[in-house]
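Student: Here is a chain I would like to go through with you. Shall we take the fold, then the salt bridges?

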Amino acid sequence: MATFRNFLRSLTRRTAKNLSDESFLGFLKGFEVLIAKILSLAMIVVLVVAIADLARFLATELSNPPYGFFTTTLIEIFGLFLNVLIALEVLENITAYLEKQTARVQLELVIVTSLTAVARKIIIFDSKQAGGLDLIGLGAAIFALAISYLIVRSGNHTGER
């Protein structure tokens, strides 16, 4: 009977230890890392597909008459290039998370990615289909992101000293 009581006490202690805050937080952290790894693998697939799409588009454009020239506007081509760059920046954000860098550095990367995405939107902006209010909204977004970037960047350099 004493061994059974010892077994129950031991089981109770192990269960309490496994349900402690530290163990649970460790489980959550491991889960977050697993999700980040899955997202990074998915982003690699997205990048490969985006690069293949860009290569196919360029090959089609350069092989159609007039040969060696683009029949579409450079704005469309720049949009495809910027899609690849934005995907690379998102992958960099995930990598920074996995490297456990500081939150400020991650925030800086997110702001730069957002700036690139909004800049892409402005570069491919079609003034025939969208109005001036859309352009003003994009300008306000870039202004707010630029101010945010300056604040975070100055905070990062102040904290490094």
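Tutor: Two ground rules. This is a predicted model, where local features need pLDDT of at least 70, side-chain atom pairs count only at pLDDT 80 or more, and totals for chains, interfaces and linings use all residues. Residues are numbered from 1 along each chain as its sequence is written, and side-chain values use heavy atoms, with hydrogens and water left out.

Student: What share of the contacts with a separation of 6 or more joins residues 24 or more positions apart?

Tutor: A contact means heavy atoms within 4.5 Å. Among contacts in the chain with a separation of 6 or more, residues 24 or more positions apart account for 64%.

Student: How many salt bridges does a search of the whole structure find?

Tutor: Side chains of opposite charge can pair when their charged atoms come close. The cut-off for a salt bridge is a side-chain nitrogen of Lys or Arg within 4 Å of a carboxyl oxygen of Asp or Glu. One of them joins R56 and D53, with the closest N and O atoms 2.6 Å apart. The search total is three.

Student: Is E108, the salt-bridge partner of R153, buried or partly exposed?

Tutor: Buried means under 20% relative accessible area, exposed over 50%, and partly exposed in between (1.4 Å probe, protein chains only). R153 has 33%, so R153 is partly exposed. E108 has 13% relative accessibility, so E108 counts as buried.
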